Amino acid sequence: MIPIAKPYLGKEEAQAAHDTILTGWITQGPKVAEFEKNFAEFVGSKYAVAVSNCTTALHLSMIVAGIGLGDEVICPSMSYIATANSIVYVGATPVFAEINKKDYNLNIEDVEKRITSKTKAILLVHQMGMPGDIDGFKQLCEKHNLVLIEDAACAIGSEYRGAKIGSHSDYVCFSFHPRKVISTGDGGMISTSNEKVYNKLKLYRQHGMSINDRVRHESKTILFEDHLVVGYNYRLTDIQAAVGIEQLKRLPWIIVERQKLAKMYHELLSGIDWLELPNEQEGCFSNYQTYSVYLKPNAPINRDQLMQLFLENGISTRRGIMTSHRETAYKNKGTWSLPVSEDAADNSICLPLWVGMTEEDVMGIVAVIGDLA
Ligand SMILES: Cc1ncc(COP(=O)(O)O)c(C=O)c1O
């Protein structure tokens, strides 16, 4: 069976976790601080704040950005449901906007039409690692006095106009779930270059505590903490951070390998006239966290039948990215007209792409499609 995804973890990660366990410091501590520093350096931001996953990264960003009851946040429906959920957590309303067919990212004209006096933020998802139009959305946010939050769950190592995702705005949220390009089991990070935002994110991720454990531990005088706000426990552990430090070292190579696999798919599938393939828009560089193909109306088979056929051939695939507005949790929360999102979600399929896949694996996957052509 060829799985849809597989994290690339080796002896170095196992050793790092082992060594950290033996230090006795296993929750947020020195390894988390080191991971944050290395992460910020990698993406080109001043700071990074490690958290338990990307959903909590998004939730904290909403809180620190001051979004709350009665506010509206514009986001794509076509995203993993955590995107919309993070808005609901703070009592605000997700306003679903349409995507572009060419890159499955938010469509800026449609977003602008949906701005109201209640809109406080735009949540821009870099879908499947493909960068969205950050400069366009920054300008739109400035024009309407809105906060830009980037959901970069899938986009570690992707680039927009020559700079890494994570370096462009105040709230950029990443995921280290095993389906992502690097993994710490579960885990997340927020990058920012805004000192005030950085300090608030740190405060809220650890119960609102005025002093962190490490400072207290290293102090030569007794210290008593205060809890300044109602915060959360959204900590990453030092065991996870130790794994993350090793994963970050591998990341440049992982991205080269993923690009090679994507290129192989492009070359082998580009002759099939009933498929649309992902492609990097001008100024964008993708880590190809997911390789999703779209079945055009002239396809000889429908999406679900093709997924079944893959399964019978020992190949695991997934439906294209879901639309949140059609999930049971959101069905009664408004009526939405999002034909492009629905069409993309219903007719696309994610193919396996992970480091360690061989040329034969890719050829075998392509052969299933080629046999239909
Ligand atoms: C776009 C997007 N946002 C948020 C998340 C949530 O990430 P996590 O599982 O780390 O909470 C995901 C995970 O799949 C995602 O794809």
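This note goes through the pockets, cavities, helices and some loop residues of a predicted model.

1. The largest pocket. This pocket has a volume of about 630 Å³, and 27 residues form its lining, with Y80, C154, R179, K180 and I321 lying nearest its centre. Three elements, namely α3 (54-64), α4 (82-89) and β13 (318-319), each supply at least two residues of that lining, and the largest share, three residues, comes from α3. By character, the lining residues of the largest pocket divide into eleven nonpolar, ten polar and six charged.

2. The second largest pocket. About 370 Å³ of space lies in this pocket, which is lined by 19 residues, the closest to its centre being Q28, K202, R205, Q206 and N212. Two or more lining residues come from each of α2 (30-43), α7 (195-205) and α8 (213-218), and among these α7 gives the most, with five residues. The lining of the second largest pocket is made up of eight nonpolar, six polar and five charged residues.

3. The cavities. Rolling a probe the size of a water molecule over the atoms shows where empty space is left. In this structure there are two cavities of 30 Å³ or more. The largest cavity has a volume of about 90 Å³ and is lined by 14 residues, of which K6, K180, V181, R258 and W354 lie nearest its centre; nine of the lining residues are nonpolar, one is polar and four are charged. The second largest cavity has a volume of about 50 Å³, and its lining consists of I4, A5, R179, R258, Q289, T290, Y291, C350, L351 and L353, which divide into six nonpolar, two polar and two charged. A reader tracing these spaces will meet R258 in the lining of the largest cavity and again in that of the second largest cavity, while K180 lies nearest the centre, with others, both in the largest pocket and in the largest cavity.

4. A buried asparagine in a loop. N287 is found in the loop between β11 (284-285) and β12 (291-295). Is N287 buried or exposed? Its relative accessibility is 0%, and N287 therefore counts as buried, since the cut-off for buried is under 20%. Apart from neighbours within four places in sequence, N287 is in contact with M128, G129, C154, A155, I156, S158, V181, I255 and R258. Among these contacts, C154 also lies nearest the centre of the largest pocket, together with four other residues named above, and V181 and R258 are among those nearest the centre of the largest cavity.

5. Helix α9. How far apart should the ends of helix α9 be? Helix α9 runs over residues 238-269, and because each residue adds 1.5 Å, its 32 residues should span 46 Å, which agrees with the 43 Å between its end C-alpha atoms. Within α9 there is nevertheless a kink of about 50° at L251, shortly before the proline P252.

6. Helix α4 and its surroundings. The buried residues of α4 are A82, T83, A84, S86 and I87, and they pack against α3, β2 (72-76), β3 (93-97), β4 (119-125), β5 (147-151) and α11 (328-331). After α4 comes G91, whose phi is positive, near 85°.

7. Residue I67. I67 lies in the loop between α3 and β2, and it counts as buried because its relative accessibility is 7%. I67 and A57 are ten residues apart in sequence, and their C-alpha atoms are 14 Å apart in space. Leaving aside neighbours within four places in sequence, I67 is in contact with M62, V73, V90, A92, K120, A121 and I149.

8. Two residues with positive phi. Most residues other than glycine have a negative phi, and two residues deserve a look with that in mind. M128, which is not a glycine, has a positive phi of about 60°; it lies in the loop between β4 and α6 (134-144) and, at 7% relative accessibility, counts as buried. R161, also a residue other than glycine, has a positive phi near 50°, and its place is in the loop between β6 (159-160) and β7 (163-164). Which of the two terms, buried or exposed, applies to R161? With a relative accessible area of 55%, R161 is exposed, because the cut-off for exposed is over 50%.

Definitions and conventions
Residues are numbered from 1 along each chain as its sequence is written. This is a predicted model: local features need pLDDT of at least 70, side-chain atom pairs count only at pLDDT 80 or more; totals for chains, interfaces and linings use all residues. Side-chain values use heavy atoms; hydrogens and water are left out. On a 1 Å grid over the protein atoms alone, a cavity is a set of points where a 1.4 Å probe fits but cannot get out, and a pocket is an open set with protein on both sides within 12 Å along at least five of seven lines; lining residues have an atom within 4 Å of a point. Grid points are joined across faces, edges and corners, and a volume is the space filled by probe spheres set on the points. Helices (H or I, at least four residues) and strands (E, at least two) are DSSP runs, numbered from the N terminus. Ala, Val, Leu, Ile, Met, Phe, Trp, Tyr, Cys and Pro count as nonpolar, Asp, Glu, Lys and Arg as charged, and the others, Gly among them, as polar. Buried means under 20% relative accessible area, exposed over 50%, partly exposed in between (1.4 Å probe, protein chains only). Contact means heavy atoms within 4.5 Å. The expected span of a helix is 1.5 Å times one less than its number of residues. The bend at a residue is the angle between axes fitted to the seven residues ending there and the seven starting there.
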